[in-house]
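Got your viewer open? Here's a short tour of what to select and what you'll find there.

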Amino acid sequence: MKIKLGENSYGKNAVQLSKIIRHPAYHEFRQVTVNVSLKGDFDEAHITGDNSMILPTDTQKNTVYALAKDHFKTSIEDFAIYLANYFVTTQPQVAASTIEITEHLYHRMQFEGVEHPHTYIGGGAEKRTTRVTKTATKVNVQSGITDLLILKTTDSGFEKYIKDKYTTLKETADRILATKCEINWTYGNLPADYTAQFNNIRELLLLTFAGHKSLSVQQTLYAMGKSVLEAYAGISEIHLQMPNKHHIPFNLEQFDIQNENEIFIATDEPYGLITATVTRE
Ligand SMILES: O=c1[nH]c(=O)c2[nH]c(=O)[nH]c2[nH]1
């Protein structure tokens with residue numbers, strides 16, 4: 001039997017980096033988690049244990065901190081592109097490098113409408129993300145949002161689905177729609193300002209969710225993806241993952257109380273998981 005090495009990559013995961021950017025009037029605080037992954041000529045390392053082509057993952061981690069001083073000044077995308085390019089151009093054995101960055105969001109505290117110069121409040125579970133893959137000739141940039149918790153108390157129903165002998169779910173024309181989205185879009189054209197693009201796309205996703213008369217999570221997911229592709233020609237496709245975070249009407253009839261669609265039990269598991277990629281023809 002012939003055995004051979006298949007596709008492989010290696011790198012450092014979960015590099016935790018915080019940075020203060022000191023502006024004259026205020027401090028900017030940034031916290032990111034960085035994953036580095038390299039592909040290339042690593043056959044000998046696997047087959048014979050020859051490490052002569054291996055840039056240690058410890059060095060990769062150190063490189064993230066060292067390059068952050070001068071090259072993490074704006075968006076996570078700009079930093080990821082710089083890092084990805086650095087590994088490809090300085091290490092001839094590296095054919096492709098992938099940098100994933102997750103940014104933990106902080107907002108400056110506000111007192112009487114005025115932002116405090118150096119004190120922050122956490123932005124909750126929501127995080128901004130990017131994934132950049134660089135080869136000698138190509139760069140692929142995906143950006144997104146994860147753990148974005150959104151909910152609406154009406155304009156959502158789920159009816160006219162298949163009913164068989166195991167169906168117990170009741171149809172509803174008015175339910176809570178709640179989800180914790182993971183959304184990633186791919187840039188066909190790279191924008192000059194990734195943060196402006198991120199803010200615009202996030203706002204549009206929220207606006208579409210809010211305004212949609214939802215017949216299902218599937219329909220709302222598609223509407224959200226479609227709105228982004230229609231508004232931004234530079235986005236080639238968008239992937240959305242939307243778990244259905246069920247809030248189920250609680251049976252108050254057992255206490256002779258009428259539940260007028262007001263009292264629910266939130267159930268974490270099991271949950272419906274709806275995912276799709278929305279793309280261009
Ligand atoms: O929006 C929904 N889509 C489904 O596919 C589904 N299935 C289910 O039980 N509830 C829901 N809700």
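This is a predicted model, and we'll begin with a helix pair: H4 and H5 cross in a right-handed way. To see it, select residues 194-211 for H4 and residues 217-231 for H5. Their axes are 9 Å apart and the helices pack at an angle of about 140°, which means H4 counts as oblique to H5.

Now show the side chains where the two helices touch. On the H4 side, pick Ile201, Leu204, Leu205, Thr208 and Phe209. Across from them, H5 brings Thr220, Ala223, Met224, Ser227, Val228 and Ala231. By type, this contact has 8 nonpolar and 3 polar residues, and no charged ones.

Next, try the positions from the record. An unreviewed UniProt entry lists Thr57, Asp58, Phe158, Arg175, Val217, Gln218 and Asn244 under "binding site". Zoom out for this one: they span 188 residues of sequence and lie up to 50.8 Å apart between C-alpha atoms.

Stay with Gln218 for a moment, since you already have its helix, H5, selected. Is Gln218 buried or exposed? Partly exposed, because 16 other C-beta atoms sit within 10 Å, and the partly exposed class falls between 12 or fewer (exposed) and 20 or more (buried).

Last stop: Asn244, in strand S7, so select residues 235-244. Asn244 is partly exposed too, with 18 other C-beta atoms within 10 Å. Which residues does Asn244 touch, leaving out those up to four places away in sequence? Light up Thr179, Val217, Tyr271, Gly272 and Ile274. One of these, Val217, is also on the UniProt "binding site" list.

Key:
Residues numbered from 1 in each chain as written. Predicted model: local features only at pLDDT ≥ 70, side-chain atom pairs only at ≥ 80, totals over all residues. Axes fitted to C-alpha atoms, helices over the stretch in contact; angles between N-to-C directions. Helix = DSSP H or I, 4+ residues; strand = E, 2+ residues; numbered from the N terminus. Parallel < 35°, antiparallel > 145°, perpendicular 65-115°, else oblique. Left-handed = near helix turned anticlockwise from the far one by under 90°. Contact = placed C-beta atoms within 7 Å. Nonpolar A, V, L, I, M, F, W, Y, C, P; charged D, E, K, R; others polar. UniProt positions renumbered as here; feature names shortened; annotations may be inferred.
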